[in-house]
Amino acid sequence: MATSDTVTWRPEVEEIITEACERCGVDPAHIDRKTALSARRSINLLFSEWSVRGINYWTTTESTLTLTASTRVYTLPVGTVDVLDAVLRRSSSDTQMTRLALTDYNALPNKTSEGLPINFFFDRQYTPQLYLWPVPENSTDTLIYWQMAQPDDVASSQQNADMPYRWTDAMCAGLAAKLAMKIPGVSDTRITMLAAQAETSFNLAATEEGEKAALKIIPA
């Protein structure tokens with residue numbers, strides 16, 4: 001028997017909620033508006049949890065920031081979770097930048113000295129900011145950085161969740177674990193089982209999500 005010869009399956013949020021409820025032992029016919037709203041909120045909370053547990057590679061994008069002379073602080077888009085890497089481009093040549101910790105940036109004796117920016121400090125506020133040092137000496141340099149962004153909000157059951165195919169089971173398992181703690185009548189045994197399965201599914205997806213490039217160690 002032939003296969004479908006397609007690779008387009010991507011469950012809508014409604015299907016993810018149905019799968020999660022079935023894992024909790026709930027008949028999908030009994031999923032009401034209140035349960036669906038609670039489930040969508042839990043999916044958004046799951047995205048928040050994943051954002052602090054590692055790099056969500058499907059949310060990473062290469063972004064460009066045109067620098068301005070004598071300006072040391074730059075505002076990044078809301079939803080920027082982290083800056084993973086950055087280079088300073090001048091005259092079509094890139095210079096690797098170094099990320100500074102807060103204490104390292106704070107210890108700089110002259111934070112307004114100008115030159116070729118080769119260091120940055122990422123201030124993880126609600127509206128994130130990037131501090132550069134040395135401060136840009138011209139308005140022609142370009143900062144090329146890779147950002148990890150917040151996944152798109154889940155606002156409707158008739159939409160796709162902002163995740164790739166390989167994370168589908170982790171999403172269903174994670175949602176089931178969260179719903180099990182809120183749905184009346186779910187046994188403690190099932191709650192424990194679903195929590196363990198959620199962790200297993202997450203770890204499996206997260207392990208596969210890692211970099212595939214060879215590791216290179218270069219002495220400083």
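Begin by selecting Glu 209, a residue that is buried in this predicted model, with a relative accessible area of 7%. Add Arg 166 to the selection, and you will find that Glu 209 forms a salt bridge with it, the closest N and O atoms lying 2.6 Å apart. This pair joins distant parts of the chain, since Glu 209 sits in the segment after helix 5 (188–208) while Arg 166 lies in the loop between strand 10 and helix 4 (168–180), 43 residues apart. Unlike a buried residue, Arg 166 counts as partly exposed, at 44% relative accessibility.

Next, go to Arg 90, which is partly exposed with a relative accessible area of 26%, and display its side chain together with those of Glu 137 and Asp 141. Arg 90 forms a salt bridge with Glu 137, with 2.9 Å between the closest N and O atoms; the two belong to distant parts of the chain, Arg 90 in strand 3 (residues 80–90) and Glu 137 in the loop between strand 9 (135–136) and strand 10 (142–149), 47 residues apart. Glu 137 is itself partly exposed, at a relative accessible area of 39%.

Keep Arg 90 selected and turn to Asp 141, which forms a salt bridge with Arg 90 at 2.7 Å between the closest N and O atoms. Here too distant parts of the chain are linked, with Asp 141 in the loop between strand 9 and strand 10 and Arg 90 in strand 3, 51 residues apart. Asp 141 counts as buried, at 1% relative accessibility.

Finally, select Glu 49, Arg 53, Lys 178 and Glu 199, which are linked in a network of salt bridges. The structure as a whole holds ten salt bridges.

Note on methods:
Residues are numbered from 1 along each chain as its sequence is written. This is a predicted model: local features need pLDDT of at least 70, side-chain atom pairs count only at pLDDT 80 or more; totals for chains, interfaces and linings use all residues. Side-chain values use heavy atoms; hydrogens and water are left out. A salt bridge is a side-chain nitrogen of Lys or Arg within 4 Å of a carboxyl oxygen of Asp or Glu. Helices (H or I, at least four residues) and strands (E, at least two) are DSSP runs, numbered from the N terminus. Buried means under 20% relative accessible area, exposed over 50%, partly exposed in between (1.4 Å probe, protein chains only).
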